[in-house]
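Work through the exercises below with the model open. Try each task before reading its solution.

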Amino acid sequence: MISEVPISLLIPERHEAGLAFTCLTCCVPELPEVETVRRKLAPRVEGRVIAQISVLDPLWSAPQPTGHFEDLIAGRRVERFSRRGKYLVLELENERFLVMHLRMTGTLLYDPLPDTRYSRVEFNLDDGTRILFCDPRRFGTGLVIDGKLALAAYFSVRLGLEPFDDQFGPGYLAEQTEGRKVAIKSLLLDQKRIAGIGNIYADEALFRAGIHPESEAGRLSPDALSRLAPAIVDALTAGIDAGGATIDDFRDPDGAWGSYQSEFLVHRREGLPCPDCETPISKMKVGGRGTYWCKSCQKPLRGRRR
Ligand SMILES: [Zn+2]
């Protein structure tokens, strides 16, 4: 099991960028940011041997003790660097998997400067390069899982379908929303239904689909779901194409900020004109999450349950 770090163990110190404090449930990084990390690192780690790994913060690997954890990983070749939802997976030889979650402020930096702060784990590769898992707020985690079946079981209880999966579409959304009274925005954030969407991309996808964020999920029409499925894929694709969004601390493995935050259609744009109709963008809370939407383009549902 991945251990959850109690709030009392948080480091209050902020990242040197000095950007705004964000809440515990803020979902950055989301799928596009995690995928950006994977794409940048995969060609540099696949085929390499992890000569040494040093877990500098026991919280990262808890409850697995750091020494035991290091023994499980060191000396193994990386066959593939993959992603599932917001998880990154170093697939090692002989079906050993290092499953990592960046949580809020975790990032993997490739060959960073020697004085890089907030290092929690250091990987030394057989080509002399090193990768640091840096994480000022220490929510990120690492876990070793043995065997493909155990890995599949781990994800199957935590994650729904990937939006980029061939099976994902209006039919899958219809199954997931059937009879559900929860707001569609909240349902989109439920990783057990759809993997990888957080607060940014939920707002962006609902705007693209013209759906009010508080719409009861089970009342969305087939027509609305047939707009929503591609809108989710389009919003995530736009995020990946921009190298992710940097609102808080997100950096790619080369230390570069993402740029998608400058392309948001509604998210964090309260009071600014809607890109479609120029109505000022509104903000409200849905399921406790700050939610941005256009009153003119995203009308509330009317009529009966489907
Ligand atoms: Zn509008």
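## Exercise 1: A buried helix

In this predicted model, helix α7 (residues 199–209) is largely enclosed by the rest of the structure, because 11 of its 11 residues are buried.

**Task.** Find what the buried residues of α7 pack against.

**Solution.**
1. List the buried residues of α7. They include Tyr 201, Asp 203, Leu 206, Phe 207 and Arg 208.
2. Look for their partners. These buried residues pack against α6 (184–189), α8 and β10 (289–293).
3. Check what follows the helix. Gly 210 comes after α7 and has a positive phi, near 65 degrees.

## Exercise 2: The core

**Task.** Where does the largest nonpolar core lie relative to domain 1 and domain 2?

**Solution.**
1. Start with the core itself. The largest nonpolar core has 70 residues. Among those with the most contacts inside it are Ile 184, Ile 197 and Ile 232.
2. Find the top contributor. α8 gives the most, with 8 residues.
3. Place the core. Domain 1 (7–156) and domain 2 (170–293) both contribute residues, so the core lies between them.
4. Inspect Ile 197. Beyond four places in sequence, Ile 197 touches Glu 30, Leu 31, Leu 188, Leu 189, Ala 202 and Ile 232.

## Exercise 3: A helix crossing

**Task.** Describe how α5 passes α8.

**Solution.**
1. Take the axes. Those of α5 (residues 170–177) and α8 (residues 222–241) come within 8 Å and cross at roughly 120 degrees.
2. Assign the hand. The crossing is right-handed.
3. Name the contact residues. α5 supplies Pro 170, Leu 173 and Ala 174; α8 supplies Pro 222, Leu 225, Ser 226, Leu 228 and Ala 229.
4. Sort them by class. The contact has 7 nonpolar, 1 polar and no charged residues.

Conventions. Residues numbered from 1 in each chain as written. Predicted model: local features only at pLDDT ≥ 70, side-chain atom pairs only at ≥ 80, totals over all residues. Axes fitted to C-alpha atoms, helices over the stretch in contact; angles between N-to-C directions. Helix = DSSP H or I, 4+ residues; strand = E, 2+ residues; numbered from the N terminus. Left-handed = near helix turned anticlockwise from the far one by under 90°. Contact = placed C-beta atoms within 7 Å. Nonpolar A, V, L, I, M, F, W, Y, C, P; charged D, E, K, R; others polar. Core = buried A, V, L, I, M, F, W, Y, C linked by C-beta atoms within 7 Å. Buried ≥ 20, exposed ≤ 12 C-beta atoms within 10 Å, placed from the backbone. Domains from an automatic or database assignment.
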